Every structure is written in C-alpha cells, then in structure tokens.
Amino acid sequence: MGRFSHEQEAYANSSWYLTDDRGDARFLYKFVPERRHDLTEGRLYGLAFNKATMTGTWIGPLNPLDPDSDMRARGFQPSVWGFTKAEGIVGAAGSDGIGGGSISMNESGAGADPGRVWRFTQLGGDAIRGEVLVEGDFAQLSRPDNLRYNNAGDLFIMEDHSGGDFTAHTETGDKNDIWVLPRGGEGPDDLVLFATLPHRFEPTGPWFSNDSQILYLSVQADPPFHSRVIAITREGGNFNQPFDR
C-alpha cells in the first residue's frame with residue numbers, strides 16, 4: 001500500500017484512501033486492491049489536487065516503494081498539488097462511517113495556516129472533487145487532526161496544537177478543543193464546542209460503541225500528567241441525537 005509516513009486510512013467505493021503526514025506538504029493516496037478485502041496486491045495512485053478548481057486527478061499506478069518521488073518525477077510538487085499535514089481521514093457515509101460515497105479529511109496546516117476540514121466526492125472515476133467543510137481560525141477551530149462520524153452523520157473534530165502554536169498563536173490558549181460539525185453543516189458558524197482539554201492534552205482515536213451510548217477517547221498528555229483512555233456518555237441520551245448549532 002506504499003512506503004510513506006502513513007497517518008490514517010479510509011475505505012470507500014472499494015478503495016482505500018491514505019494520508020501521508022511527514023510534517024510538511026505531502027500527497028493523498030488511493031490503493032485499489034486487486035481483490036476486495038485482500039491487501040496483498042493492488043495499485044497505488046497519488047492525488048494531484050488543483051485548489052483553484054477544487055478538483056483532482058489520480059496519477060499512477062505509482063512505484064509503491066517510493067510513491068512520493070514518483071509523483072515529483074511526474075511533475076507534481078506536494079506544495080502545489082498536495083496538502084500540508086494531512087491527518088485523519090474517514091468515510092462519510094454508512095452506519096459506521098465506512099464504505100460510503102465520500103470521504104472527509106483533516107488538513108492540519110502549519111505555521112500561519114490553521115488548517116481545514118475537507119470533503120471529497122465523486123470517488124468512482126479517475127477524478128475527484130473537493131470542498132472545504134470548515135476553514136480553520138486560530139480563535140476557533142485550528143490544527144484539526146483526528147476525526148470521526150457518529151451514526152447520525154455528525155462529524156467530531158479533534159485539535160492537536162504543537163508547542164509552538166501555544167506561543168505563536170496565544171488565542172488558542174493552553175488547550176486542545178473537540179468540535180462537532182452537525183450533519184449538513186458547513187462553515188465555522190455551524191460548529192458546536194463539545195469539549196476542551198486543558199494542559200495541552202491531545203484527544204486522539206475517537207470511537208463510538210455499537211449502540212452509540214459511549215464515545216471512547218484516548219487522551220495523550222505531556223509530563224507530569226498521565227495519558228489515559230476515557231469513556232464518555234451523554235446525559236439523557238446517546239451520541240446519535242442531534243447537536244444544537
């Protein structure tokens with residue numbers, strides 16, 4: 001499935017979509033297996049995405065031993081055709097967020113770029129269409145990393161700020177937030193603040209129980225604090241009930 005800095009993968013439309021996070025601009029990849037549910041053989045493609053037209057083309061098959069160099073040799077530079085710190089990626093449809101007709105991805109950004117949340121559609125052919133669901137803002141959502149849909153289609157977005165962010169962008173505070181973009185929502189005005197993690201704790205690995213009663217969350221901590229896995233319940237209901245905007 002390619003030698004690169006794998007961050008996360010999503011399954012949709014019989015293919016696997018893969019993010020490459022090496023801390024700078026890299027490409028989004030697609031792995032098409034020769035046989036469904038068998039990952040031992042297949043073809044790897046890289047996405048050349050045009051942010052002016054919000055459309056992209058799959059390039060390849062690529063050399064799986066060095067797909068990044070293969071893309072660059074074909075004339076595509078990731079700073080132009082790729083994404084800066086592509087992080088979490090999930091299928092956007094289906095009861096468990098897998099196997100739908102679109103995918104959502106967090107581009108965490110770097111430096112003065114606070115990042116954004118993407119949605120990609122038209123996955124069936126050689127082309128792909130993208131749109132920004134939410135543009136980052138250091139005063140609100142920024143450095144989006146992990147993400148997960150609940151069964152109702154609400155998107156949970158986890159922040160991950162670096163140490164430099166807390167000094168360069170003081171409006172973020174000494175914290176990471178968890179935001180919910182309710183189903184059908186777009187833009188920062190539709191975001192709902194779900195939780196705030198102090199002391200630079202990073203929320204990672206969100207996962208819902210099969211009955212949607214529990215949100216499991218890993219919390220990474222810097223010393224002297226301890227990392228942990230927590231279970232969150234929603235008072236008076238479950239996580240499929242609507243979130244007010």
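**Exercise 1. Find what share of the contacts with a separation of 6 or more comes from residues 24 or more positions apart.**

Keep in mind that you're looking at a predicted model. Start with the contacts in the protein chain that have a separation of 6 or more. Now keep those between residues 24 or more positions apart: they make up 46%.

**Exercise 2. Work out how the radius of gyration of the protein chain fits the globule rule.**

Begin with the inventory: the chain has 3 helices and 18 strands. Next, take its radius of gyration, 18 Å, and put it beside the 18 Å that the globule rule gives for 245 residues. The two values are close, so the chain is as compact as a globular protein of that length. To picture its extent, note that the C-alpha trace spans about 50 × 40 × 35 Å along its principal axes.

**Exercise 3. Describe how much of the chain is buried and what its exposed surface is made of.**

First, the inside: 49% of the 245 residues count as buried. Then the outside: about 11300 Å² is exposed, and carbon and sulfur atoms supply 48% of that area. For charges, take the mean position of the 22 positive ones and that of the 35 negative ones; these two points lie 5 Å apart.

**Exercise 4. Place strand β14 among its partners and say how covered it is.**

Step one is to locate β14, which covers residues 175-181. With 6 of its 7 residues buried, β14 is mostly covered.

Step two is to look at β13, residues 155-159, which pairs with β14 in the antiparallel sense over 4 bridges. Within this pairing, I157 has W179 of β14 as its bridge partner.

Step three is β15, residues 192-198: it also runs antiparallel to β14, joined by 6 bridges. Here V180 stands opposite V192 in β15.

A handy general point: side chains in a regular strand alternate between the two faces of the sheet.

**Exercise 5. Decide whether F156 is buried or exposed, then list what touches it.**

You'll find F156 in strand β13. Its relative accessible area is 0%. Since buried means under 20%, F156 counts as buried.

Now for its contacts, skipping neighbours within four places in sequence. Among them are N146, L147, R148 and N150, along with I178, W179 and V180. The list also includes F194, F208, L215, F239 and F243.

Finally, try a distance: F156 and G187 are 31 residues apart along the chain, and their C-alpha atoms are separated by 14 Å.

Terms used. Residues numbered from 1 in each chain as written. Predicted model: local features only at pLDDT ≥ 70, side-chain atom pairs only at ≥ 80, totals over all residues. Heavy atoms only, no water. Helix = DSSP H or I, 4+ residues; strand = E, 2+ residues; numbered from the N terminus. Rg over C-alpha atoms; globule rule 2.2 N^0.38 Å. Buried < 20%, exposed > 50% of the residue type's maximum accessible area, 1.4 Å probe, protein only. Contact = heavy atoms within 4.5 Å. Areas by Shrake-Rupley, 256 points an atom, 1.4 Å probe, with all protein chains shown as cover. Lys, Arg positive; Asp, Glu negative; His and termini not counted. Charge placed at Lys NZ, Arg CZ, Asp CG, Glu CD. Pairing = 2+ DSSP bridges.
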